[in-house]
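The following paragraphs guide the reader through a model, beginning with the surface and moving inward.

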Amino acid sequence: MSELLIDNISMRFDLPNGGHVQALKNVTLDIKSGELMSVLGPSGCGKTTLLNIVAGFLAPTEGTITLDGDRVVGPSPERGMVFQQGALFEWMSVRENVSFGPDMKGMSRKESAGTVDHLLEVVGLKDFKEKAVYELSGGMQQRVALARCLANEPDVILMDEPLGALDALTREKMQSLVLDLWKETGKTIILITHSVEEALLLGERLLVMAPRPGRVHKEYRLPFADLGVGNDLREVKKHPDYNNTREEILEMIWNMEEEIMGRTEENA
Amino acid sequence: MGITILLLYVGAFLGAFFAVKYITQIFFSRVDYTSLKTVTFGDESAVKANRVASVLSVITILLLWVAFTNSTLPLPKAPAPFEGTVEFTYTAKAPDGATDDANVTIIVYREDISQTLDENGEPGQIPTTPEIEPGDGFAKNDATVVPRYGYKVISVRGNDDVSRRDGSEIVAINGQPIQPGEAIRLPEGDVGLTDKGTPFFEPATGQRMQRLYLPAPEVATERLGDLFVEGYRNFTLIEHTWISLQRVILGFFFGTLLGVPLGYAMGLTNWARGWFDPIVEFMRPVPPLALIPLMIIWFGIGEQSKVILLFLAALWIMAIAARSGVSGVAITKVHAAYSLGASKWQILRKVIIPNSLPEIFTGARVAMGVCWGTVVAAELVAAERGLGMMIMVASKFQLTDIVIVGIILIGVIGFAIDVGIRQLEKFLVPWKGRI
Ligand SMILES: Nc1ncnc2c1ncn2[C@@H]1O[C@H](COP(=O)(O)OP(=O)(O)OP(=O)(O)O)[C@@H](O)[C@H]1O
Ligand SMILES: [Mg+2]
């Protein structure tokens with residue numbers, strides 16, 4: 001039903017000094033409804049730029065994005081966003097943050113109460129409903145951000161390193177939560193991450209991007225996300241293919257980084 | 001005297017420090033997180049205002065105030081100026097070489113006698129010159145009065161049988177030979193001869209300040225009471241204070257009312273930023289005090305000119321605060337709000353305005369401080385009411401106690417305003433500094 005088409009996107013930033021950066025070049029992707037796609041790539045390969053274009057915060061210099069046949073021209077509630085951190089509203093309580101989307105639609109507190117309570121229960125923050133967000137830990141704040149995004153019932157959820165700032169243990173719990181929510185709600189999710197493990201565990205599809213210009217390097221279809229739903233993620237990691245794929249991708253990204261370093265050294 | 005006070009002050013600072021440190025070590029050795037830190041010097045978070053020191057600091061100032069003024073409070077005091085009756089003899093030498101002694105009686109009275117009240121509630125009177133026996137010989141006895149901290153040339157020869165015009169001169173004071181231009185020191189003061197050979201008396205000033213320079217604390221307190229009840233220049237202290245405050249509140253209110261939207265506009269649109277930038281950047285470094293003359297030329301010396309002055313003082317500060325409040329909003333918050341379906345208007349209300357509140361409060365504190373300082377200055381220049389006018393007029397009449405009371409009140413109110421805004425900020429912007 002909600003098919004996200006990224007059609008031949010290119011993005012070029014003109015720099016003040018007259019030069020330019022080709023952040024993305026001819027990126028084409030077809031993301032089906034309910035797919036969970038993780039995106040990996042060396043720093044600066046255009047992951048955030050791609051996500052910002054899909055979210056509608058940036059207009060690509062070439063190409064189009066369509067969701068369900070409608071062209072994306074700006075941000076809209078059907079494409080929800082979860083940021084790395086600092087995107088919660090400190091002046092609102094946990095509940096007010098989560099009900100922000102419904103509030104914007106003009107829903108009364110009563111109407112949204114059911115959804116909000118349910119989501120807070122799902123992310124395990126039922127008892128923190130009336131707390132101020134600055135009183136929560138980093139992991140709890142990201143759960144609020146997740147609940148806030150879900151409360152708006154978007155078709156596509158875009159996540160830019162949502163778990164990047166968390167410690168390993170909290171991160172693992174959050175990964176399970178993301179998987180469970182994905183299965184339960186059937187949302188389309190694009191998740192950018194720097195962690196190869198996270199990309200493997202969560203990505204039903206895994207996209208490796210290459211830099212300069214930013215482009216799709218390789219794509220995988222992986223079984224681990226399905227295995228991970230409702231299961232211990234550490235068990236999934238024991239899957240025979242897991243380590244092989246991990247090594248392969250690590251090698252790939254390592255080589256790209258090497259290449260960048262080498263190239264900058266030549267320039268220098 | 002200045003050096004004495006400075007040394008005493010430094011002594012109190014260090015002495016109290018070691019005393020308090022010693023006492024706390026004995027009685028309250030506490031183990032908390034800070035006390036366990038081994039690195040405290042340079043760790044800003046380990047430095048907290050020692051409230052004992054704050055209290056002692058205020059007490060020290062009050063004690064010094066008492067000690068170095070003519071206070072009647074029973075506390076340690078610096079040496080007093082001489083007050084009372086003093087006598088000295090002078091020896092006059094006639095042209096023929098004959099000498100004769102005569103007595104001079106001087107009553108030294110309080111310099112602020114007319115500002116004191118006697119038992120009947122009447123203002124004190126300057127004592128009259130006492131009647132004394134002229135005595136015998138060609139030099140006759142004299143009497144006069146002189147205020148503390150005063151200086152008096154005493155024309156002792158007026159009643160003498162032989163005067164300076166006849167070639168007679170004074171050769172000794174209290175039996176001590178003396179030349180014109182010299183003086184001898186008595187415990188009660190200095191007696192000497194002017195260059196022309198006339199005796200003068202300068203009472204000993206001790207180490208205390210006279211009322212004109214610094215009134216004693218109880219005098220200031222009493223004056224405070226008077227000002228409350230009777231007022232000064234047709235208005236009570238409350239009225240003077242209120243009119244000053246009212247000007248500040250009005251000026252600040254209108255300045256904020258216009259400045260904040262102006263700042264928002266500058267933070268949100270290119271056109272407004274470009275249009276108002278030159279004006280704001282130009283007006284920002286102009287001190288409000290420099291505008292007083294222009295305000296008086298344009299709007300006269302009434303309320304209008306003062307409120308407009310304070311309005312201008314607050315306007316730029318609030319505009320700049322609001323502008324930086326808007327610029328300070330994290331783009332992720334704005335993006336998040338758009339993705340959650342907020343309209344521009346909702347973004348403004350739900351994200352930009354709340355996000356700018358901490359900056360606006362910081363601006364409000366600065367603006368209130370500047371307005372309060374400016375109103376006093378403006379009233380010093382021209383006003384019929386207000387704390388600034390009160391101290392200005394009082395200073396012309398040398399009523400230092402009113403000046404001191406006024407200054408203390410200005411300080412206390414300024415401080416209270418600041419604390420008030422800080423409390424309001426804590427209540428309205430609890431997330432400030434915790435993001
Ligand atoms: N506003 C901009 N102006 C100019 N260049 C930009 C801008 N935004 C991004 N770029 C450039 O585009 C390229 C891709 O940036 P992007 O932020 O998308 O990388 P990324 O893959 O998200 O990196 P990271 O993993 O470090 O977050 C970079 O080379 C960056 O310098
Ligand atoms: Mg990025």
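In this predicted model, chain A exposes about 12,100 Å², and carbon and sulfur atoms supply 48% of that area. Chain A carries 29 positive and 42 negative charges, and the mean positions of the two sets are 2 Å apart.

The fold of chain A comprises ten helices and ten strands. Its radius of gyration is 19 Å, close to the 18 Å that the globule rule gives for 268 residues, so chain A is as compact as a globular protein of that length. Taken along the principal axes, the box filled by the C-alpha atoms of chain A is roughly 60 × 45 × 40 Å. Of the 268 residues of this chain, 51% count as buried. Contacts that bridge long stretches of sequence are also present: among those in chain A between residues at least 6 apart in sequence, 69% join residues at least 24 apart.

The interior may be considered next. The largest nonpolar core contains 63 residues, of which A:Phe100, B:Tyr232, B:Val351, B:Trp372 and B:Leu387 touch the most other members. Helix H9 of chain B, residues 344-381, provides the largest share of this core, namely twelve residues. A second, separate core has 52 residues, including A:Cys149, A:Tyr220, A:Ala225 and A:Met252.

B:Tyr232, one of the residues of the largest core that touch the most other members, may be examined individually. Apart from neighbours within four places in sequence, B:Tyr232 is in contact with B:Leu227, B:His240, B:Met390, B:Val393, B:Ala394, B:Phe397, B:Leu399 and B:Ile402.

Two positions in helix H9 of chain B merit a closer view. B:Ile352 belongs to this helix. With a relative accessible area of 8%, B:Ile352 falls under the 20% limit and is therefore buried. When residues up to four places away in sequence are not counted, B:Ile352 touches B:Leu268, B:Val326 and B:Ile347. Of these partners, B:Leu268 is 84 residues from B:Ile352 in sequence, while their C-alpha atoms are 9.7 Å apart in space.

B:Asn355 is likewise found in helix H9 of chain B. Its relative accessible area is 13%, so B:Asn355 is also buried. Which residues does B:Asn355 contact, leaving aside its neighbours within four places in sequence? They are A:Trp91, which lies in chain A, together with B:Gly325, B:Gly328, B:Val329 and B:Lys333 of chain B.

Note on methods. Residues are numbered from 1 along each chain as its sequence is written. Chains are lettered from A and ligands numbered from 1 in the order in which they are written. This is a predicted model: local features need pLDDT of at least 70, side-chain atom pairs count only at pLDDT 80 or more; totals for chains, interfaces and linings use all residues. Side-chain values use heavy atoms; hydrogens and water are left out. Helices (H or I, at least four residues) and strands (E, at least two) are DSSP runs, numbered from the N terminus. The radius of gyration is taken over C-alpha atoms; the globule rule is 2.2 Å times the number of residues to the power 0.38. Buried means under 20% relative accessible area, exposed over 50%, partly exposed in between (1.4 Å probe, protein chains only). Contact means heavy atoms within 4.5 Å. Accessible areas come from the Shrake-Rupley method with a 1.4 Å probe; for residues, only the protein chains shown count as cover. Lys and Arg count as positive and Asp and Glu as negative; His and the chain ends are not counted. The place of a charge is taken as NZ of Lys, CZ of Arg, CG of Asp or CD of Glu. A nonpolar core is a set of buried Ala, Val, Leu, Ile, Met, Phe, Trp, Tyr and Cys residues joined through side-chain atoms within 4.5 Å.
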